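Here's a walk through one predicted model, with a pocket, a helix and a proline as the stops. Have a look at it first.

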Amino acid sequence: MSQTDHIGKGPNRVDGPLKVSGTAHYAGEFNVPNLAYGYVVNSPIAKGKVVQVHADEVLALPGVLAVYSHENVPHLAWFDRSYKDLLAPGGSPFRPLHSPDITFNQQPVALVMAETFELARYAAALLRVDYEQEKHETNLETKRTEGYLPGGGKLGYAPPPPPRGNPEKAWKNADQKIEAEYTHGAQHHNPMELFTSTVEWLGKDKITVYDKTQGVFNVQRYLTGVFGLSKDNCRVVSQFMGGGFGSGLRPQYSVFMATLAALELKRSVRVTLTRQQMFSIGHRPNTLQFVKLATNPDGSLASLQHHALHETSLFEDYTENVVNWSGMQYQCDNVKLGYQLAQLDVYSPQDMRAPGAATGNPGIEIAMDEMAYAAGLDPLEFRFRNYAERDQNVDKPFSSKKLRECYREGAAKFGWDKRPLEPRSMREGHLLTGWGMAGGVWDAMQMPSRASARITADGRLLVLSGAGENGAGTYTIMTQIAAETLGLPLEAVTFELGDTDQPQAPLQGGSWTAASVGTAVKNACDALGEKLLKLAQKQKDSPLKDADYDEVEFVNGQLRLRRDPDRAVVLRDLLQASGVTQVEAESTALPNMLKQNGYSLHSHNAVFAEVQVDEDLGTVRVTRVVNAVAAGRILNRKTARSQVLGGVVWGLSMALMEETIMDHKFGRYVNHNYAEYHIPVNADMPHIDVLFVHEDDDIVNPLGVKGIGEVGMLGVTAAIANAIFHATGKRVRDLPIMLDKLL
Amino acid sequence: MYPFTYSRATDVADAVRDKAGHGASAYLGGGTNLIDLMKYNVEQPAHLVNVAKLPLDKIEDLPDGGLRLGATATNADTAWNEQVKARYPMLNQAILAGASPQLRNAATNAGNLMQRTRCYYFYDIETPCNKREPGSGCSAIGGYNRIHAILGASEACIATHPSDMCVALAALAPTVRVSGPNGERSIAFEDFHRLPGDQPQYDNILAEGELITSLDLPEKGFAKNFTYLKLRDRHSYAFALVSVAVGLELEGNTITDARLALGGVAHKPWRDKSAEQLLKGQPATAETFGRVAAHVVANAVGQGSNDFKIELARRAIVRALQQATEGRQRATDAFLNSNP
Ligand SMILES: Cc1cc2nc3c(=O)[nH]c(=O)nc-3n(C[C@H](O)[C@H](O)[C@H](O)COP(=O)(O)OP(=O)(O)OC[C@H]3O[C@@H](n4cnc5c(N)ncnc54)[C@H](O)[C@@H]3O)c2cc1C
Ligand code: SF4
């Protein structure tokens, strides 16, 4: 066994020591000299106009440097195109401080700049802004019949597939059928770290932007577009994030504000949002879902219809794939999927962990549980009877699909076979126990990505790719891939990311980073490997003289012939003997369309949950969760498990407590703080078993990885909701299931 | 946050003098509530007198058999005090059901009494609120009011007092000792907090400049048959939707003395003395509990999103009385109250 086999093991995070010792620098921790501080003022109304900003009053305070609003913002880019970031949906992107018009509550209307943060905050509190208020509408219920088809997609959006068969007729003719409506409220990402941008002024319209973002290149694109900077003069850096969950995919107004002020004041600037302002930067949309299912007498699905309607802003058609997966999750010949938007006076929603799927999955998976009960079938058995061997949406086979194994291994670990079908049949005093299950699907995607690799004479390898890292473990898995490809110990490898000076990488989202950046890293290391082989072959009496690259391997610090490992050179000796200071290579990884085109590429999981419900008081405790995941090759068992643990936390949160409450009178979120926006604490967490089902897949990408960040969340919410039904006999279709819904 | 000056008091007299010497000023305990409110611009004191380090942090026996809880003793030190654990376990449980360990380590007993409502609108200066700005209106009425009052509310304000500790205190009935510009006085706990009426800006009857120095618990601690039951939206680190503190004395199966107080339902910790009278002399049975619970919520009024609290409170009272009778607070609460 070689010591440089790293993939699939569970090494600790390579960036862990930096984080726990406070030496990992986050966007708000770059203390460049002569910083000025900004504080954003937000609108208290949801719709109307800013009539006047009384800036002069606060400018009189010593130390206040400037007040920026639509009244005095300098001429910026004119066309929408310049404001469109890589993830902008159809419509017109929001332009901060652009016009007096207010289109959502908490819209930023002014930026106050001062010598200290405290002074900026104080001056912001004093700043008088006059508004003219107009009637707003923030209630999705009022738009039930006003849904429309989105006017344009965004990266990753696919309209639902066309209907197949005759679903409505099949539903009408069936004896066993259900029809139900599911809802959940808005949610905000709420990463622990607040959005912060530190913009370092380097003179003459040249800046370095330390931002909290999941995509430095996206921020660079946005800032160069809006402010007319050249790329060379606008470096964006984001090496660490205290969580993102999608909130850092699009440039936030904090980075706009900080850049604006830096360019105007010709000085370095920091702008930090407050927790309250973290509720003004995009959210998982409030959604209504309508599902109709019917079965044939043998328990096979006769009809499947899933329709979703969610909110968007007045200016952008935010889209996500809510219903598409429902058409491929189960075998069914009569399917209709629908997806519509409704405009409200709110900010544009934004991708939030497992966007679309986290919404649609509970819809279809609670409905499947309802259908199983209507048909008198065990919910797991029902899923086996409707197992999809092919993706009927696109009529293609799966590149790999080990969902059956997820069901089986998960059920075995959980003890599902001992489950009585009848609800309310496990009771201990006033506690009712229930068992529920559900499954999930997520796309296995790969985006174009670049990486470079450089080895120095001391045998150290430096790998670069401008990817994002929001805490998922990217530093670690890329280090593993690079080290294994070139046969080095982990300690000899440094992987760096999050800098526009590095080779371009995609946004960090969609669970595609491992596949995309991982493949680029592997390719760059292989390209470097080929150079090293050539170097070796130049040596006198090289033992590798006529070898091709695919005949050699890098193991334990050696480059050697696969079929005759004694014919080897020690890498470090080679570098020193050849007298080079370093060898470098760069490479691009593109998805292999030729190979992938004939297949549907997805990860899957199955979740089993146990709850206890206090019958009198309605309180719910989740006591056990088993999450069995098939996501191709697992690069790092430890960080992958952590991703799935986090997914369970998220799914539980959505099932039981998480919701941003809108007061429609004000068109304003009311629980915009950590005390009242509830997400689970340790005391809420059950025992969690994470199983990774073995899955080989050489079609998705050369590494065989599918990504794990989103799929781990799926199934959890529905499994808990289904377990609550099994415990109590009450079917709650409006998430989150707080105790009053069970009284 | 507005600029302010700051001083640290050396003794009680110094604190009272210092505060009186400044206009808009406030005492500062652990700061876990006041500083938040200052950041939100809800409170704007121009001067802070830090009283957290005053020598008022002792917990000591009183000659009458009671126990004195110093005003600046932390919530954590109070909960874990051996005397409190042994003689007033209901108080121990109530404190531990609140907030988080970090907050309890910082929060003082006086600060806990004085903490302000968690009403969403009170916290958001962009919305009208009679408590924050008398006469501006109450946004919670007709708004989102899940955490609001069902008992004793007024047309001006439907806020609740958020404390857990104070619910147990309401049941245990200590005396609040205060010191102010006009000398010292003692206030019965039940008189300390007030109902909103048409002056919701006042949470309690403390006069301007008065400093809380201690809470004096009477001897009777209901250490055998008690419960503190807290129902909330997650298992820790959330304020009570409804909480119930119960202390019983039993002879055989007959209730000889009873205390019953509710949290999360009113502008003040809600002790119901008439319910206590109804319990006295009665058998500790489900029938009695049901009758008393119905009595407590008989005049309850829902406001929309908190309608469920009426039924929840009724059921919680029954459960709390059962638990107290059976003397099995801890075992049952392992399910509901996971703190610490
Ligand atoms: C996120 C969060 C969750 C919480 N959850 C809960 C919970 O579940 N249950 C619960 O009960 N509590 C909870 N709390 C509230 C917490 O208990 C209070 O914040 C704390 O008790 C206040 O004490 P303090 O010493 O920090 O007060 P401070 O914040 O210092 O002061 C609060 C008020 O008391 C006044 N004051 C302080 N000392 C004196 C004195 N000696 N005399 C007169 N006035 C004085 C101050 O002027 C101020 O008006 C929570 C708080 C937070 C922030
Ligand atoms: S309930 Fe009281 S605190 Fe809340 S908005 Fe109304 S007046 Fe203000």
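## A pocket between two domains

Ala, Val, Leu, Ile, Met, Phe, Trp, Tyr, Cys and Pro count as nonpolar, Asp, Glu, Lys and Arg as charged, and everything else, Gly included, as polar. On that scheme, 17 nonpolar, 10 polar and 3 charged residues line the second largest pocket. A pocket here is an open set of points on a 1 Å grid over the protein atoms alone where a 1.4 Å probe fits, with protein on both sides within 12 Å along at least five of seven lines; lining residues have an atom within 4 Å of a point.

Why does the second largest pocket lie between domain 1 and domain 3 of chain A? Both domains (bounds from an automatic or database assignment) give residues to its lining, so it lies between them.

## A helix under cover

In chain A, helix α3 (residues 117–126; helices are DSSP runs of H or I, at least four residues, and strands are E runs of at least two) has buried residues, including A:L119, A:R121 and A:Y122. Buried means under 20% relative accessible area (1.4 Å probe, protein chains only). Their cover includes β1 and β6 of chain A, plus α2 (34–39) of chain B.

## A proline in a loop

A:P506 sits in the loop between β23 and α12 of chain A. With 15% relative accessibility, A:P506 counts as buried. Its contacts (heavy atoms within 4.5 Å) include A:M447, A:W512 and A:V517, leaving out residues up to four places away in sequence.

## Reading notes

Residues are numbered from 1 along each chain as its sequence is written, and chains are lettered from A and ligands numbered from 1 in the order written. Since this is a predicted model, local features need pLDDT of at least 70, side-chain atom pairs count only at pLDDT 80 or more, and totals for chains, interfaces and linings use all residues, while side-chain values use heavy atoms, with hydrogens and water left out.

How values were computed: Buried < 20%, exposed > 50% of the residue type's maximum accessible area, 1.4 Å probe, protein only.
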